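Q: Could you take a close look at the surroundings of the ligand, and then follow the account outward into the fold?

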Amino acid sequence: MIMMDSGEPLPTNHYSEVLIASNRGPVTLGRDAQGGYTFQRGSGGLVTALTGLARTTRVTWVACALSPEDAAWGQGKVCFEDENCNLYTRFINPDPQAYDAYYNQISNPLLWFLQHSMWDVPRAPVIDRATWDAWEMGYKVVNRQFAGEIADQVRTMSKPVLVMLQDYHLYLTPRYLKKYLRRRDAILSLFVHIPMPGPDYWGILPPGMRQEILDGLCAVDLLGFQTREDGLNFIRTCENYLPKALVRYRRGRVRYRSHDTYVRDFPISIDVDALKALADAPETLSYQQEVAEHMNQRKLILRVDRLEPSKNLLRGFQAYEALLETHPEHCDQVMFLALLTPSRLGVDEYQTYLDEIMAAVGRINARYGDSEWEPVRLLVGENYARAVAALTMYNVLLVNSIADGMNLVAKEGAVVNKMDGVLVLSERTGARQQLEPGALVIAPCDVYATAEAMHQALVMAPEERRERAALLRRLVEAEDINFWLESQLDAIAEIARMRKA
Ligand code: ADQ
């Protein structure tokens with residue numbers, strides 16, 4: 001049996017070739033001193049799990065070129081150090097204007113905001129001529145380009161190929177791909193990493209866009225979501241807006257244009273063993289010392305997020321302010337460390353959000369801090385080892401997203417934390433479904449309840465903290481990232497069996 005680095009057996013796979021497609025590829029390319037290419041594996045469990053497949057199967061990963069190195073390299077075998085992996089990457093290189101429209105006008109401000117219920121509906125969205133142009137000349141064009149490239153690759157591979165599409169950037173790709181491929185050439189799956197709202201919210205999009213998205217999704221064989229509720233919302237949305245679709249809730253199936261799409265939930269998780277190894281690595285230990293110096297014997301309330309409105313950062317700071325106001329005994333006894341990675345600064349809302357966060361942090365520090373105590377420390381930048389170090393040390397981890405497909409930080413914290421830290425978790429995260437028994441669950445807009453949950457976490461008896469922390473760890477370890485991948489491969493094998501029967 002072939003094993004992963006972590007010692008886990010590799011997921012079983014019934015396909016000799018697998019094609020993965022996502023907006024961002026699994027590797028960051030650079031140049032060495034001699035001008036040759038260097039390959040750095042992308043971070044995160046998704047890349048680990050999907051590249052893990054490349055040990056038993058030839059995997060081709062189609063993605064957009066995001067740097068001049070990607071574009072210049074184009075395609076070829078990816079060489080990760082010391083790895084016997086059979087991974088090929090193929091970068092597509094959309095016209096920059098089309099890419100900007102697809103990414104910065106449709107995928108992120110429109111679809112991401114829709115699916116995270118983030119619109120202030122009396123004011124947004126405003127779908128004007130520019131949005132329609134971005135849809136026609138950006139989103140559709142890049143999706144078609146993905147489909148064309150995937151079809152070219154599939155034609156050269158041993159049949160049938162398994163095509164695993166990732167996320168909301170590629171909703172139209174499956175329908176285009178169907179036009180380019182013969183029925184038996186490939187099995188198609190698409191996994192949606194973000195929440196799927198129901199028909200009311202999809203009703204805000206114009207029928208033309210909505211219809212094409214649902215039509216695109218109904219071209220896949222297996223449609224994966226993070227939670228059962230997400231899957232049910234999709235089926236409800238099809239029932240509402242695709243009049244000719246035949247839906248079967250109990251079977252989790254939508255039949256449309258004489259084709260069956262099976263809808264299933266696969267809660268994504270983390271690479272538990274790799275994360276544990278990183279938590280004990282020397283680099284992480286040195287960051288722990290840095291965090292300990294910031295804390296200076298105080299308790300630590302931590303958050304680790306992309307700088308992203310759906311993560312509800314502003315209300316998190318408001319809740320902390322309410323905590324200090326209502327429970328002044330915590331003043332000078334705690335610190336709030338926020339580790340934030342800049343994200344999508346090309347989208348206006350994100351830039352404004354950063355300014356609002358800086359103002360909120362400045363206000364709290366000016367109001368409560370003094371020369372000895374800085375109530376909030378904000379560190380902006382991407383540093384995974386530092387984030388993991390902080391996750392080992394928190395007393396309270398705040399995850400208060402307005403909506404979140406899963407939220408991996410909650411799972412990472414549960415596995416590496418060494419302080420019996422308490423998780424304060426938004427009820428609108430996918431992670432809530434699994435972690436609720438061990439967490440303090442809050443409604444994300446309820447700043448008062450969030451402050452009270454932080455207080456409860458800070459004063460909780462050690463025994464209860466220990467029990468909750470142990471339960472969270474067990475829950476995450478029972479279903480890690482390999483479980484996520486294997487469950488999808490099993491579901492695909494089942495669909496293939498049904499097709500043959
Ligand atoms: P994200 O919205 O990016 O993912 P999340 O699931 O929390 O959110 O994953 C973020 C990852 O980046 C975690 O591994 C985290 O540790 C890391 N990270 C975040 N902030 C960081 C920081 N400041 N420094 C270093 N590392 C940081 C999307 C969906 C989620 C879904 C995932 C996977 O929005 O709901 O869980 O995909 O499907």
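A: The answer starts at the ligand and then turns to two helices and the cysteines.

This is a predicted model, in which local features need pLDDT of at least 70 and side-chain atom pairs count only at pLDDT 80 or more, while totals for chains, interfaces and linings use all residues. Residues are numbered from 1 along each chain as its sequence is written, and side-chain values use heavy atoms, with hydrogens and water left out.

The ligand is surrounded by 22 residues, of which the closest are H193, T341, D404, L408 and E412; a residue belongs to this shell if one of its heavy atoms lies within 4 Å of the molecule. At least two shell residues come from each of β13 (299-306), β14 (334-341), α13 (384-391) and α14 (408-416), where helices (H or I, at least four residues) and strands (E, at least two) are DSSP runs numbered from the N terminus. An oxygen atom of the ligand lies 2.8 Å from a polar side-chain atom of R306, and a backbone N or O atom of N407 is 3.0 Å from an oxygen atom of the ligand. A polar backbone atom of L340 is 3.5 Å from a nitrogen atom of the ligand. On its own the ligand has 720 Å² of accessible area, and the protein covers 87% of that area, as computed by the Shrake-Rupley method with a 1.4 Å probe.

Turning to the helices, V476 lies in α17 (residues 462-478) and is buried, at 1% relative accessible area; buried means under 20%, exposed over 50% and partly exposed in between (1.4 Å probe, protein chains only). Beyond its neighbours within four places in sequence, V476 is in contact (heavy atoms within 4.5 Å) with S269, I270, V272, K411, A414, V415 and L435. The C-alpha atoms of V476 and I270 are 8.2 Å apart, although 206 residues separate the two along the chain.

Helix α8 (residues 228-241) has 14 residues and spans 20 Å from first to last C-alpha, close to the 20 Å expected, that is, 1.5 Å times one less than its number of residues. Its buried residues include L232, F234, I235 and C238, and among the elements covering the buried residues of α8 are α7 (207-217) and β12 (259-265).

Why does C218 form no disulfide with C238? The closest cysteine sulfur to that of C218 is the one in C238, and at 4.0 Å it is too far for a bond, since a disulfide requires a pair of cysteine sulfur atoms within 2.5 Å. The whole structure contains 0 disulfides. C218 is buried, at 0% relative accessibility, whereas C331 is partly exposed, at 22%.

Conventions
Polar contact = N/O pair within 3.5 Å; in protein donor to acceptor, adjacent residues only side chain to side chain.
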